[in-house]
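Hi there,

Here is the structure I promised to pass on to you. Have a look at it first, and then read my notes underneath.

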Amino acid sequence: MESTTLYTLLLTIALIFYLLSGFIRLLVRQALSPLSLLRGPPCPSFFMGNLMEMHDQENNNLVAEWEAAYGSTFVYRGFIGGCRLMTTDPVAVAHILGNAYDYPKPDFVRDSLATMAAGHDGLLTVEGDAHKRQRKILTPAFSSSHIKSLTPIFWDSANKLRDIWFHTAAQADGTETNESKSKSSIPRDTRASTSSCGSAARRWTPLAWLVRFGYHFNALTDDNNELAQAFGVIFSTARKFRVMTILQVWFPFLRRFRRNSGVMIRAHETMRRIGLELIEERSRAVIEEQREVLSGKSGEIDGDKTILGRDILSVLIRSNLATTANQKMSVNERKLRAALRDVERDLQLEHAGLEASDPQLYQQILTDRLSKCEYLDWIVRETLRLHAPITSTMRVCMRDEDEIPVSSEGANGEHGGGCLDKNGKRLYGIRVKKWDIITIPIQAINKSQALWGEDARAFKPERWAQPPSTAKAIPGLYSNTLTFLNGNPLDGNRACIGYKFALIEMKIFLYTLLKDIEFRQEASMVIEKKVNVVTRPFVKSEPELGEPAAIVHPAGLFIRRVLTSSTVLIVTDLSLHRIELPTAVKHALTI
Ligand code: HEM
């Protein structure tokens, strides 16, 4: 054989081997994984494992069925039959989530989150020291006192959304008059169709987030807003089941050939540009503000006074700039003032006419009352338990080897505790190796009958009067649910940083919308869940609507304006939950 031919042959073999090496490594890793000893459902496809049947798991009880058949800890199959651990065992979950830096999100999950919206350097996607640093910087912006100062923005947003619905409802029926543009004069018999509410509601979620960072309100109503269009592109391409997507998980070079990548890149560029503009604009304003304080032209920086002072970005920029002792002291001062203001407000509440004479103060007291309203609180807890917007999360073991402990006392009602392997041997620790993938089924744990009782899948706010003691084992940040992930981290905390934000915002939105609008669902309307970055309701019976319509995030509440019904139907499941106004929201409405 000629030497050039030989070289060409060797080069070709080396190239093929290089291209296949990732694949071969994956096969070897999967074959050696101790997870292959565990039980689990049959694998319907060599190539896709159980992934196809899992695609609609938000709308069926697949994980619960697997749990009933194989116990709380088992394996399912991923790409080319690789074993992935799935566990609803609270002890195992606490170990995995509690050691967040040894069990990070797998590379393909981070890449997909980054591509959607989070960016490669965002808090949601970075790991290790970079995460620790970002979390430390961001934490002050999510403190209770700061969230309290942000509530006017939530109220403004809630009112704005309500007005958009009023407006589109009136437009849909051609009944809009100058008068009907105002809240009080919307015709009572106008019905907002899902389609008419669709575009405004679709735009609402991502843009409302930006408002928290100081983005202008007009974006919510302007159809041609470039940021709204960018979000539209990103959200419409999220989570579509394609073989190519699975291949991109394991062969990163294929990620270059993402569909719509040109459009996506432009959408990302728009988001980035507007984000940077916002930062620049806020930085200028904060620096100017501080210059005035230092020159004595104005008093102490009081973050509560202006919209500028209240948005998250300004707080972050301030905390980045706040290095002098003088400014640090002002935080204590602000706390003292806030405490004194609270006392004053409680007193003023006793006076009639406060809403008219001092609407802002009234709003603040109202917010306080809302957060203490027991029944509203139960509704929110129960909605978040049954309808966690993030239905599962994935982790990968980065320790060379580890043994994940499992409950010794029959987690989820199993006899004898532990978990059974393929040979019927009882294990009290699950051996895993580096790169083994783990799924934490948040929704299944939140709805587990073993942990929550026989009626676990029913929407029952009253359960919160006395939650079952078995549910206390769930290592959740909030209400013994995993909705916001872990509450007892050992090394690294990847629990939701914004959960208090979400809770108060949900209450304000519920209050505002329920106060002014009546709701019902037509019997023919079928609502299911659809994952588009987060899980949102989707009108299955009206597929022409495409994307989810008329949705209040994050409560997962689908609403439609109706005539004269005196009841409110809250759609939190495929079945309806009829809640008579006097019992469901009376406390909130009569504050
Ligand atoms: C009902 C509403 C919300 C739910 C159910 C929710 C849930 C979650 C969950 C489950 C995670 C962990 C994701 C994972 O590691 O797989 C998370 C992380 C996070 N959430 Fe939320 N979230 C909500 C609202 C918010 C809000 C309002 C904010 C901010 C204003 C926020 C900011 C974040 C951030 C920054 C992280 C990343 C934290 C980290 O990795 O250190 N979330 N959230």
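Below is what I found in it, strand by strand and turn by turn.

Please keep in mind that this is a predicted model.

A good place to start is strand E2, which covers residues 83-87. Five of its five residues are buried, so E2 is largely enclosed by the rest of the structure. You can check this on both faces: Cys83, Leu85 and Thr87 are buried on one side, and Arg84 and Met86 are buried on the other.

What does E2 pair with? Strand E1 is one partner, and the two run antiparallel, with five bridges between them. Along this pairing, Arg77 sits opposite Cys83 of E2. Strand E8 (residues 437-440) also pairs with E2, this time in parallel and through two bridges. There, Leu85 faces Ile438 of E8.

Now for the turn. E1 and E2 make a hairpin, and five residues lie between them. One of the residues in that turn is Ile80, which has a positive phi of about 35° despite not being a glycine. Is Ile80 buried or exposed? Ile80 counts as partly exposed because it has 16 C-beta neighbours inside 10 Å, and a residue needs 20 or more to be buried.

Asn480 is another non-glycine residue with a positive phi, of about 50°. You will find Asn480 in the loop that links strand E9 (476-478) to strand E10 (481-486). Asn480 has 22 C-beta neighbours inside 10 Å, so this residue counts as buried.

Enjoy exploring, and write back with any questions!

Best wishes

Definitions and conventions:
Residues are numbered from 1 along each chain as its sequence is written. This is a predicted model: local features need pLDDT of at least 70, side-chain atom pairs count only at pLDDT 80 or more; totals for chains, interfaces and linings use all residues. Helices (H or I, at least four residues) and strands (E, at least two) are DSSP runs, numbered from the N terminus. A residue is buried if 20 or more other C-beta atoms lie within 10 Å of its own, exposed if 12 or fewer, and partly exposed in between; C-beta atoms are placed from the backbone. Two strands pair if DSSP finds at least two bridges between them.
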